[in-house]
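Q: I'm new to this and I'd like to learn how to read empty spaces and chain contacts. Can we go through them together?

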Amino acid sequence: MKMNRKLTWMLLAAMTTAFVQCKDSGDEVKPDDENELITSVTLKFTEQGTSNVSTFSYKDADGDGGNAPTKFDTISLKPNTTYTLAIELLDESKSPVDDITKEVEEESDEHLFVYTPSPAALLTYTYGDKDKNNYPIGLTGSAKTGAAGNGTLKVQLRHQPGAKNGTPTPGSDDVNLDFILKVK
Amino acid sequence: MPSARFSLLFFLLSLLWQTTVAQKPACECFVKGVVKDRHTGQPIIGATVLIVGQNNGVFTDTQGRYELRNLCPGNYTLECRIIGYNPFQQKIDLTAGHEENFNLLEQEVHLKDVEITAHRTDAPSSQPLTTISGADLDKTRGQTLGESLKGVTGVTTLQTGSSIAKPVIHGLHSNRVLIMNNGIRQEGQQWGSEHAPEIDPFIATRISVVKGAAGVRYGSDAIGGVILVEPEELPVDKPITGELNAVGFSNGRQGVLSGTVQGGLNFVKGFGWRAQGTIKRGGNIRTPNYFLDNTGISENNFSLAAGYRHKGLGIDVFYSRFDTQIGIFSGSHIGSVTDLLNVIKNGEPFVKSGFSYAINRPNQNATHELLKAETHYHFNDGNRLQWTIARQYNNRNEFDLHRPRNDSIAALNHPELTFKLTSLTNDVVWDHKPIAGKISGQVGVSTLYQYNLMSGRPLIPNFNQFNAGLFWIERYVTSKWELEAGLRYDYRMLKTYRIVNREKIADHFDFGNFSGTAGATRNFSERFSARANVGTAWRAPNVSELFSDGVHHGAAAYEKGDATLQPEKALNSIASVKYAAPKWSVEVGGYYNYIFDFIYLKPQPEPILTIRGAFPYFKYTQTDASFKGIDVSGSWEFMKRTTISSKLTYLRVYDERNDGYLVMIPPNRLDNALKYQLADRGKWKDGFISIGNMLVAEQKRVPANSDFLPPPKAYSLWSLQAGATLKVSDKQQVEIGINVQNLFNTVYRDYLNRFRYYADDMGRNASLRLKWKFGA
């Protein structure tokens, strides 16, 4: 019986020591600074031959979820006009704000912007840049509007590491936005 | 053979309880002692000690002890016997008390079955328990834990491609299925449907499935069932033995090598040890028509165990390390709903590939370490105290397909997701001495402390969790009846920490609940038995259900958690009857599992807008769900050496609150096999050839408009198996097995494979398995 009691005490003492190495995960919570997001997309239309610039943006500063997007502009353009179209991508969840456009440019052989108007007659896009493999990128280009009408402009950033072949098919979407497009 | 084994086991167990003997008032003499194996010195459990010529005998207990009381003075002949040993007789002249110890010598033909009688499982006896061991377990060697269990009625798998498989019991999986790895609750990131259990099945010599809610013995979360992964008892004071397993699979050109060496120590009595290790390498999986890019696997596991036994004391120490690197099919990475719809429209992946062993992004690396120390003491009066502590460390790293665009960050090659989960568990169980020889019971306390450190893309928060549980189970056993009842209370405290808009937010949750179980087993005859059990279990919402907020890229869905979720509670009724005749056997079981506040992802009417376009929006919501099902299994030796066996798994799930169906419920299936047992020839034994067919129905009970693709059509797969054992010598044998899965290279997709949107399931897979056992 003496043995029993000794053993029981031993167990109890050991039990209490088992929690000595407890740790608090709250001390180690830190913001994520390595994963890049794209939180805003800005389309800059410059009417050719003029300095008239119209910009249209999508903004969701805290990324997916959390707060809803703060800005999703309607693109409004003149009919039968040629514009120079530049695109800018930012990660505004970081401080300082991270310029993703520059990073896309550096890795242009893995990226392709695709601009798809619907109906197709609303706008014709022509790529204005090429990567080292002579495939288009789409950071700059020209957009020629057709007759007046309403529709959408789908803006996609295709991420195609090791698979870029000039078509949108390979890879996956990093950006996929349907802007409302009004030509009037 | 298993049925004979079980009836023997039951016979011995039932007799163990009937130790009370007819009494003669004037006779006060007794004889007692211990029965041991002469060679190993180990106590022999369940041996018969009887007085020749009298109707008086007892069985030895778990320490090999026996006692015959109330004998009149005189001359007696005692006989001690047990299958596998030579019977031993001893004449005694009894005047008062007498101690007579027996040392039995093993017979040349040692029936190993006897060893099994000593095994004890804590699982509730009135709940269906299916165990895979021996030759059946050998046939699954080389596969993952989830796949090994596929053969059990009522068990299916939730898969992510072919290399990640999670067991599904009666339609429930992930956090609702508890896995006990060598007696310890497996604690990984179970909430993730693509997080397979980090366990090397080669550790186990028995894998058991307890179907139905088993919350009382195992604690919260065991709503669907429990999987017990159990290694063999340590070979205390036994000679060195071992085995080497080699398995090669044609699909993925996968090779698995696993070895075990074990034994005692010559110079330390009471000591036993075991070392075990497994290496696995596999490359790209091939569907009938194309390879799946980046679906290789690499695994390195090992475990070490040592134990000491002295009289009633036992101490065991166990360490295991599981380390896997799994390539995730690169064609499953999608950025937007458009991407997903394009793959579905294309009918096959855009990404084409040949064969390669290379594992590139996307991939997941997971390591799991378990360090466990267990000590138990059998008191002389029959009480037993067991104390187990364990520390688990689960480190999971997930790499996305795309590296960061920023070169300096990309150069670090950090995983986009890292989870580090440390769990400390502590269990004290007291088995009280049998009351009146018929009522046995357990009282136990379990605690768990856990902390999760998360870095990378915010997915789940950091958390600290503390659990405490207290349970009490009593069991009444007679030869005809086995009744049991138990109660448990669990408390869980959860503290979470996350960053929202660059600020730390802490949340605190408290959950507490009772669980209960009551059940009965009735043995009408040696062949016919019935059992019924009503049990409850509960599960607190996990961190992903509370705090998810983002796009689930594999599923092209926006998933949002809800911090106000309440625990789910399950009330599970389960009943089964079993009839086992020499030539045929059948087992029919039915269950009705009603889950209150069942947590699921409910589709929301409005999609949610992200930079990658609009995603269908799902919110974690609670409802009441019923899971009704039938498991039937039977076998019939209709001709000499020829057996046909069938298994049916039928399940219906209904959302009771919303009058609808739920998603991701395994379809019904029927398994048939025809087996021909070959005659032993010379040194070749246990040869067989079998052909099998599995029919999986189409899941038609799905909520309308809840998925991008309707559930796949029904499919039928054929398989072929053959095997034999070559007895090289008394101490060595080689087992050979051949297995061809998906014999006709059938193109199919499975509803519970998360890659069904992107690609077909695995094509034909032939495997060759060799097992060399030595020293046995």
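**Inside the largest cavity**

A: Sure, and keep in mind that this is a predicted model. Start with the largest cavity: 21 residues line it, and those lying nearest its centre are B:Asn175, B:Glu187, B:Gln190, B:Asp221 and B:Gln450.

Q: Which elements give two or more residues to that lining?

A: Those are strand 12 (177-181) and strand 25 (462-477) of chain B. Strand 25 of chain B gives the largest share, three residues.

Q: How do you find empty space at all, and what is the volume of the largest cavity?

A: The idea is to roll a probe the size of a water molecule over the atoms, which shows where empty space is left. Here the largest cavity comes to about 270 Å³, and the count is 11 cavities of 30 Å³ or more.

Q: How do the residues of its lining divide by class?

A: For the largest cavity, you get seven nonpolar, 10 polar and four charged residues.

Q: Now the chains. How many residues does the contact take from each?

A: Chain A puts in 56 residues and chain B puts in 53. Between them they bury about 4,700 Å², with 56% of that on carbon and sulfur atoms.

Q: How many salt bridges are there between chain A and chain B?

A: A salt bridge pairs a side-chain nitrogen of Lys or Arg with a carboxyl oxygen of Asp or Glu within 4 Å. The count between chain A and chain B is three. One to look up is A:Arg158 with B:Asp339, where the closest N and O atoms are 2.5 Å apart.

Notes. Residues numbered from 1 in each chain as written. Chains lettered and ligands numbered in written order. Predicted model: local features only at pLDDT ≥ 70, side-chain atom pairs only at ≥ 80, totals over all residues. Heavy atoms only, no water. Contact = heavy atoms within 4.5 Å. Buried area = accessible area lost by both parts, 1.4 Å probe. 1 Å grid on protein atoms, 1.4 Å probe; cavity = no way out; pocket = protein on both sides within 12 Å on 5 of 7 lines; lining within 4 Å. Points joined across faces, edges and corners; volume = space filled by probe spheres on them. Helix = DSSP H or I, 4+ residues; strand = E, 2+ residues; numbered from the N terminus. Nonpolar A, V, L, I, M, F, W, Y, C, P; charged D, E, K, R; others polar.
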